[in-house]
Amino acid sequence: MFKAAIITASDKGYKGLREDLSGSCIKKILEEANYEVVSIDVLPDERNLIADKLIELSDKKIPLIFTTGGTGFSPRDNTPEATRDIIEKETPGISEAIRTYSLKITPRAMLSRATSGIRKQSLIINLPGSPKAVKECLDYILPTLDHGLKIMLNLDSECARK
């Protein structure tokens, strides 16, 4: 069982003007997939606050960190930039896979600026802000993430199939 953390980037959610449906959706899906969710935060769309929380969580050695929201075209959407500010290695295949899969569902997926990467021994993945899109994305990527996390944490060493 891997530990996971969730950060929702939402000015309205942070102010209590909107319920965090995406974060709770991620939590439910992760727990059903046998992940232990150890942290859930709702932050305003402030690049430095998001980056600081990502650093804090990765310093606690939480292997999987999901963000939700803040990946679109709005002037207040800062999650990808905050993520890029702190990651040490990019993992573009994850974000590309999410967008490619999502494009089969909606052409609006091309508007996603989401990114993903590794800091220390934490994999950070930006997800969309809608519960429907979160579920679609997680259903697609979770089966493969287990193997990637094992490789990242030196729990497995082989990527090649026999």
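**Sheet, helices and loops in a predicted model**

In strand 6, threonine 67 has asparagine 126 as its bridge partner. The model discussed here is predicted.

Student: How many bridges join strand 3 to strand 6, and which way do they run?
Tutor: Threonine 67 and asparagine 126 are bridge partners, the latter in strand 6. Strand 3 and strand 6 run parallel, and the bridges that join them number five.

Student: Which residue of strand 3 does alanine 4 stand opposite?
Tutor: Strand 1 pairs with strand 3 in the parallel sense, over five bridges. Opposite alanine 4 in strand 3 stands leucine 64.

Student: What is the strand order of the open sheet?
Tutor: The sheet has six strands and mixed pairing. One parallel pair is strand 1 with strand 3; strand 5 and strand 6 run antiparallel. The order is 2-1-3-6-5-4.

Student: Which strands stand at the edges?
Tutor: An edge strand here has a single partner strand, so one side of it is left without a neighbour in the sheet. The two are strand 2 (36-43) and strand 4 (89-90).

Student: Is strand 3 enclosed or open, and how many of its residues are buried?
Tutor: In a regular strand the side chains alternate between the two faces of the sheet. Leu64, Phe66 and Thr68 point one way from strand 3, while Ile65 and Thr67 point the other way. All of these are buried. Strand 3 is therefore largely enclosed by the rest of the structure, its buried residues being five of the five.

Student: What is the bridge partner of arginine 119 in strand 6?
Tutor: Strand 5 (residues 116-119) and strand 6 (residues 122-127) are joined by four bridges. For arginine 119, the bridge partner in strand 6 is serine 122.

Student: What angle does the direction of helix 4 make with that of strand 6?
Tutor: Helix 4 (residues 79-86) packs on the sheet. It touches strand 1 (3-9), strand 3 (64-68), strand 5 and strand 6. Its direction and that of strand 6 make about 165°.

Student: Which residues of helix 4 are buried?
Tutor: Helix 4 is mostly covered, with six of its eight residues buried. Those residues pack against strand 1, helix 3 (47-59), strand 3, strand 5 and strand 6. They are Thr79, Pro80, Glu81, Ala82, Thr83 and Ile86.

Student: Is helix 5 parallel or oblique to helix 6?
Tutor: The axes of helix 5 (residues 92-103) and helix 6 (residues 131-152) come within 10 Å. They cross at roughly 140°. That makes helix 5, relative to helix 6, oblique.

Student: How do the residues of the contact of helix 5 with helix 6 divide?
Tutor: Helix 5 brings Ile94, Ala97, Ile98, Tyr101 and Ser102. Helix 6 brings Glu136, Cys137, Tyr140, Ile141 and Leu145. The residues divide into eight nonpolar, one polar and one charged.

Student: What is phi of asparagine 34?
Tutor: Most residues other than glycine have a negative phi. Asparagine 34 lies in the loop between helix 2 (21-32) and strand 2. Its relative accessibility is 48%, so asparagine 34 counts as partly exposed. Its phi is positive, near 75°.

Student: Where is lysine 120, and what is its phi?
Tutor: Lysine 120 is in the loop between strand 5 and strand 6. At 45% relative accessibility, lysine 120 counts as partly exposed. Although lysine 120 is not a glycine, its phi is positive, about 55°.

Note on methods
Residues numbered from 1 in each chain as written. Predicted model: local features only at pLDDT ≥ 70, side-chain atom pairs only at ≥ 80, totals over all residues. Heavy atoms only, no water. Axes fitted to C-alpha atoms, helices over the stretch in contact; angles between N-to-C directions. Parallel < 35°, antiparallel > 145°, perpendicular 65-115°, else oblique. Contact = heavy atoms within 4.5 Å. Nonpolar A, V, L, I, M, F, W, Y, C, P; charged D, E, K, R; others polar. Pairing = 2+ DSSP bridges. Buried < 20%, exposed > 50% of the residue type's maximum accessible area, 1.4 Å probe, protein only.
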